[in-house]
Amino acid sequence: MTAVALEVLDGGLLSTIQDAGRPDWTHVGVPEGGAADRWSLAVANLLVGNAPGAAALEMTLVGPTVRATRAMTIGLAGADLGARLRGGRSLTPGHGHRLAAGDIVEIPGGHLMGARGYLAIPGGFEVAPVLGSRSTCLAGGFGGLDGRPLRAGDQLEGGADLVRPALAWSASPGPPDVDRVVRILAVRAADVGPLAAPEWQVAAASDRVGVRLDGPALPAGFGGEVRTHGVPWGAVQVPPDGRPIVLGVDHQTTGGYRVVGVVIAADLPILGQLGPGARVRLAETDPASARAALRDRHAAMLAGAAALHDEAGWATLVDHAGS
């Protein structure tokens, strides 16, 4: 049984419902989609007792303004976008926050140490799944709320039991080591050198499809067009103009530009937090280091989830004692 949990008063800049995406449909041209920063999606969900990939709100740069229709706990993670209760306290990422019925949450954009924040409610947001996912596919116009961003007047449904202990994530609320260094595996040994030397700036035209980088000119002929081929999330393409494009979570499934490398899986959450104007360096790594980095990420997530589980047990006891 579900009911309206949040009423949208303002949709923000680009607020969409996202989950773990549709990785099994790229062979027919459907973008993988889902949250651009899967680490922060997982943290927001774990804070309210959900599975890591449950449907939550992804908010870009400026979030929505929403009214709680009933008492609930929300989980916030990712970039600090300045969330606050209207007329009240700040709501920091990496924490669960209890709301009373009628509370209005404003997310006007904040410190912008990262581009995307995530808001989860217990049980996840209830929208019809399409191709096995509740994620919004903006290019295809399906999933989420009719394949579009939130707008004023939307009503977001969620589970019946929305009040949970207000917990805190034990480490960073965003992806670990967001130090603006993204590691890539090179297609060929000589490919990454020219990309790794400079610091790049994220161009204003960047979005969920691709992070476009501005910087010094690359050697003549470094980029170019090739026969169309399949491309993964994180592929580093170099068009003929020499301005690299790192493919994002909503990337097309095939591409015709030269691919010189691919972002390692452990650093995809960092890629998802790069907003216009951010500076980033690309660093070459090797397969063994990439696997070790992913193991470290998984270990950190498991440790954080275990700490939340223990904290939730104690918080429940305290709540019961108080009642």
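## Two open sheets in a predicted model

In strand β3, the residue that serves as bridge partner of Thr16 is Glu58. This pair offers a way into the structure, which is a predicted model, and the description below moves outward from it to the sheet, the helix on that sheet, a second sheet and finally the whole chain.

Strands β2 and β3 are joined in the antiparallel sense over 4 bridges. Along β2, the side chains of Ser15 and Ile17 point one way while those of Thr16 and Gln18 point the other way, and all of these residues are buried.

Both strands belong to an open sheet of 5 strands, which follows the order β2-β3-β9-β5-β7 with antiparallel pairing. Its edges are formed by β2, residues 15-18, and β7, residues 95-99, each of which pairs on one side only. On average, and with direction ignored, neighbouring strands of this sheet are turned by 30° against each other. Elsewhere in the sheet, β5 (residues 72-78) pairs with β9 (residues 116-120) over 4 bridges, again in the antiparallel sense, and here Ala77 stands opposite Tyr118 in β9.

Helix α1, which covers residues 38-47, packs on this sheet and touches β2, β3, β5, β7 and β9. The direction of helix α1 makes about 160° with that of β5.

A further open sheet of 5 strands has the order β6-β8-β4-β1-β10, also with antiparallel pairing. Its edge positions are taken by β6 (84-85) and β10 (155-158), and each has a single partner strand, so one side of each is left without a neighbour in the sheet. Within this sheet, Arg67 has Ile104 in β8 as its bridge partner.

The strand pairs described here can be set side by side.

| Strand pair | Sense | Bridges |
|---|---|---|
| β2 and β3 | antiparallel | 4 bridges |
| β5 (residues 72-78) and β9 (residues 116-120) | antiparallel | 4 bridges |
| β4 (residues 65-68) and β8 (residues 104-106) | antiparallel | 3 bridges |

Taken as a whole, the chain has 4 helices and 18 strands. Its radius of gyration is 20 Å, which agrees with the value near 20 Å that a compact globule of 323 residues would have, and its C-alpha atoms fill a box of roughly 70 × 35 × 35 Å along the principal axes. Buried residues make up 50% of the 323 residues. Of the contacts with a separation of 6 or more, 76% are between residues 24 or more positions apart. The accessible surface of the chain comes to about 13700 Å², and 57% of this surface belongs to carbon and sulfur atoms.

How values were computed:
Residues numbered from 1 in each chain as written. Predicted model: local features only at pLDDT ≥ 70, side-chain atom pairs only at ≥ 80, totals over all residues. Heavy atoms only, no water. Pairing = 2+ DSSP bridges. Axes fitted to C-alpha atoms, helices over the stretch in contact; angles between N-to-C directions. Contact = heavy atoms within 4.5 Å. Buried < 20%, exposed > 50% of the residue type's maximum accessible area, 1.4 Å probe, protein only. Rg over C-alpha atoms; globule rule 2.2 N^0.38 Å. Areas by Shrake-Rupley, 256 points an atom, 1.4 Å probe, with all protein chains shown as cover.
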